[in-house]
Amino acid sequence: MRSFMNENALKVAHEGIGRKLRSFITSNFLPQSGLESFLDTDSFMEKGIIDSTGVLELLEFIEGEFAIKVEDEEVIPNNLDSLQKLTLFIQGKLEHAAQ
Amino acid sequence: MNFHKDILKIDCRQEADRICDFIRQQAVALRHEGAVIGLSGGIDSALCATLCVRALGKERVFGLILPEKDSSPVSQEYAAKQAAELGIRTETVDITPTLEAFGTYQKRDEMIREIFPEYDPHYRAKITLPPDLLSRDAFNFFTLTVDDGHGNIKTARLRKDKLNGIVAATNTKLRTRMVHLYYDAEKMDRFVCGTTNRSELMQGFYVKYGDGGVDIEPIAHLYKMQVYQLSEHLGVIKEIRERTPSPDTFSFEVSDEDFYFRMPYEKLDPLLYAWENGISAQEVCAGMDLNEDQARRAFRDFHSKYRATQHLREMPPSLVMAKR
């Protein structure tokens, strides 16, 4: 039962993070990219959604919104280059901070 | 296309003739007898001055040397030596007072002090992108590095507003040089010769209405490695040919590679050529000492910078319609 509740809480947290990120990216980066929407797995760089100054804005947002510190070494495509990767990265940081 | 490591080798004699024809044609089209060129002490301007002299004659080429207080001391020395070698007339104008009057240093330093409050004019500062893209993947974010002059170095990732503030202040150096170049060009009824090469043009490594504010661009089709080939062929002085390319706008010396390109020109240029010509990462790797992941990473970076700087290469958008 506890395991189910934890999994459920994680899922809710995951969806919440994803929603906030999607909303921020949609309003701040999508108009300049010429796209109307994007998939959770779309590469921000390959789709032209986020450029170098966009990365800085994104970092400011996630550090402020989720109260986490993103180290320079973590500013890599593996962590940040899609909504799916970004959500998992933030969730991992939050879980690590909670331990 | 057959991609190989020597793909950027050029026939220097033929290329020099082609560019000189272009310069002469442009002089006629622009109805100007000669050229004004900013001599930075770097290889691009040295080559352009050399080509202009070959095309128009030394009497019709005027060199402006425009140092400021953050310029490397050897920049002025090498620029003057190259001009003397070519036998062209020059004038040296220290633009530091103009920049001080505008507030360039003050505006930049205020930005830096918001990050490092202890920063004072005795410090040195530079901004850089993450190093060595081919070895380690990372997004393009700028880091500010300051040195207090005693070897105490501090770094901080820049927020967008701070980056914009530092870049905007720094770019006034290039724009001030443009004003000087056009003043002399108009006074002497000459055109302003640009010095941007293809590696810079395609990646947006120049300043709009700064070093991008010129009348002709005679080497904009040449990759930096080709600029080196032609410079050696035409006898650009050794000191300039052996110098590490640098924007020369920060008090803490920084190379083009560290500041913007994230890889040496020897790797950048063939990769950029491949990207521009639709050559696959697989084919590139066969011709260079790289793996496919590295080539794809470079392509992604080129694509990102090309797109982010597209506006530099275009006329300002407007509603003017072509009538014919």
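**Exercise 1. Aromatic rings**

Start with chain B: which residues form one aromatic cluster with Tyr260(B)?

*Solution.* Step one is to collect the members: Phe142(B), Phe205(B), Phe250(B), Phe259(B), Tyr260(B), Phe261(B) and Tyr265(B) make up one aromatic cluster. Keep in mind as you go that this is a predicted model.

Step two is the tally, which comes to 16 aromatic pairs over all chains. One of them, Phe38(A) with Phe44(A), has 6.1 Å centre to centre and 75° between the planes. Planes over 60 degrees apart count as edge-to-face, and that is the label this pair gets. Both Phe38(A) and Phe44(A) are buried.

Step three looks for charges over rings. Go back to the cluster member Tyr260(B): Lys305(B) lies over its face, 4.7 Å from the ring centre. Elsewhere in chain B, Lys126(B) lies over the face of Phe252(B), with 4.4 Å to the ring centre.

**Exercise 2. Three salt bridges inside the chains**

Take the pairs Lys93(A)–Glu74(A), Asp184(B)–Lys187(B) and Arg198(B)–Glu276(B). For each, work out where the partners sit and how accessible they are.

*Solution.* Some background first: side chains of opposite charge can pair when their charged atoms come close. Over all chains, the count is 30 salt bridges.

Step one, chain A. Lys93(A) and Glu74(A) meet in a salt bridge at 2.9 Å, N to O. This pair links distant parts of the chain, 19 residues apart: Lys93(A) belongs to helix 5 (residues 83-98), while Glu74(A) is in the loop between helix 3 (52-65) and helix 4 (77-80). Lys93(A) and Glu74(A) are both buried.

Step two, within a helix of chain B. The closest N and O atoms of Asp184(B) and Lys187(B) are 3.4 Å apart. Both residues lie in helix 6 (residues 160-187), 3 residues apart, or about one turn of the helix. Now the accessibility: Asp184(B) counts as buried because its relative accessibility is 6%, whereas Lys187(B) counts as exposed because its value is 52%.

Step three, between helices of chain B. Arg198(B) and Glu276(B) form a salt bridge whose closest N and O atoms are 2.4 Å apart. Here too the pair links distant parts of the chain, with Arg198(B) in helix 7 (residues 198-203) and Glu276(B) in helix 11 (residues 265-276), 78 residues apart. At 23% relative accessibility, Arg198(B) is partly exposed. Glu276(B), with a relative accessible area of 23%, is partly exposed as well.

Finally, look for shared partners: these join Glu60(A), Glu114(B), Arg159(B), Asp161(B) and Lys162(B) into one salt-bridge network.

**Exercise 3. Nonpolar cores**

Which residues touch the most other members of the largest nonpolar core?

*Solution.* That core has 72 residues, and the ones touching the most other members are Ile25(A), Ile62(A) and Leu271(B).

Zoom in on Ile62(A). Skip its neighbours within four places in sequence, and Ile62(A) is in contact with Leu21(A), Ala67(A), Ile68(A), Val70(A), Leu80(A), Leu86(A) and Ile90(A). Apart from the largest core lies another, of 38 residues, including Ile43(B), Leu51(B), Ile88(B) and Leu222(B). For context, nonpolar side chains tend to be buried together in soluble globular proteins.

**Exercise 4. Where the chains meet**

How many residues of chain A are in contact with chain B, and how many salt bridges are there between the two?

*Solution.* Start with the contacts: 23 residues of chain A touch 16 residues of chain B. Next comes area: the two chains bury about 1,800 Å² between them, and 62% of it is on carbon and sulfur atoms. Last, the charges: there are 4 salt bridges between chain A and chain B. Arg157(B) and Asp72(A) are joined by a salt bridge across the chains, at 2.9 Å from N to O.

**Exercise 5. Positive phi**

Find where Asp248(B) and Arg262(B) sit, then decide whether each is buried or exposed.

*Solution.* Most residues other than glycine have a negative phi. Asp248(B) has a positive one, near 55°, and is in the loop between helix 9 (238-241) and helix 10 (256-261) of chain B. With a relative accessible area of 16%, Asp248(B) is buried.

Arg262(B) also has a positive phi, about 65°. This residue is found in the loop between helix 10 and helix 11 of chain B. Arg262(B) counts as buried because its relative accessibility is 1%.

Technical notes: Residues are numbered from 1 along each chain as its sequence is written. Chains are lettered from A and ligands numbered from 1 in the order in which they are written. This is a predicted model: local features need pLDDT of at least 70, side-chain atom pairs count only at pLDDT 80 or more; totals for chains, interfaces and linings use all residues. Side-chain values use heavy atoms; hydrogens and water are left out. Rings of Phe, Tyr and Trp (its six-membered ring) pair if their centres lie within 6.5 Å; planes under 30 degrees apart count as stacked, over 60 as edge-to-face and the rest as tilted. Buried means under 20% relative accessible area, exposed over 50%, partly exposed in between (1.4 Å probe, protein chains only). A charge sits over a ring if NZ of Lys or CZ of Arg is within 6 Å of the ring centre and within 35 degrees of the ring normal. A salt bridge is a side-chain nitrogen of Lys or Arg within 4 Å of a carboxyl oxygen of Asp or Glu. Helices (H or I, at least four residues) and strands (E, at least two) are DSSP runs, numbered from the N terminus. A nonpolar core is a set of buried Ala, Val, Leu, Ile, Met, Phe, Trp, Tyr and Cys residues joined through side-chain atoms within 4.5 Å. Contact means heavy atoms within 4.5 Å. Buried area is the accessible area (1.4 Å probe) that two parts lose on being put together, summed over both.
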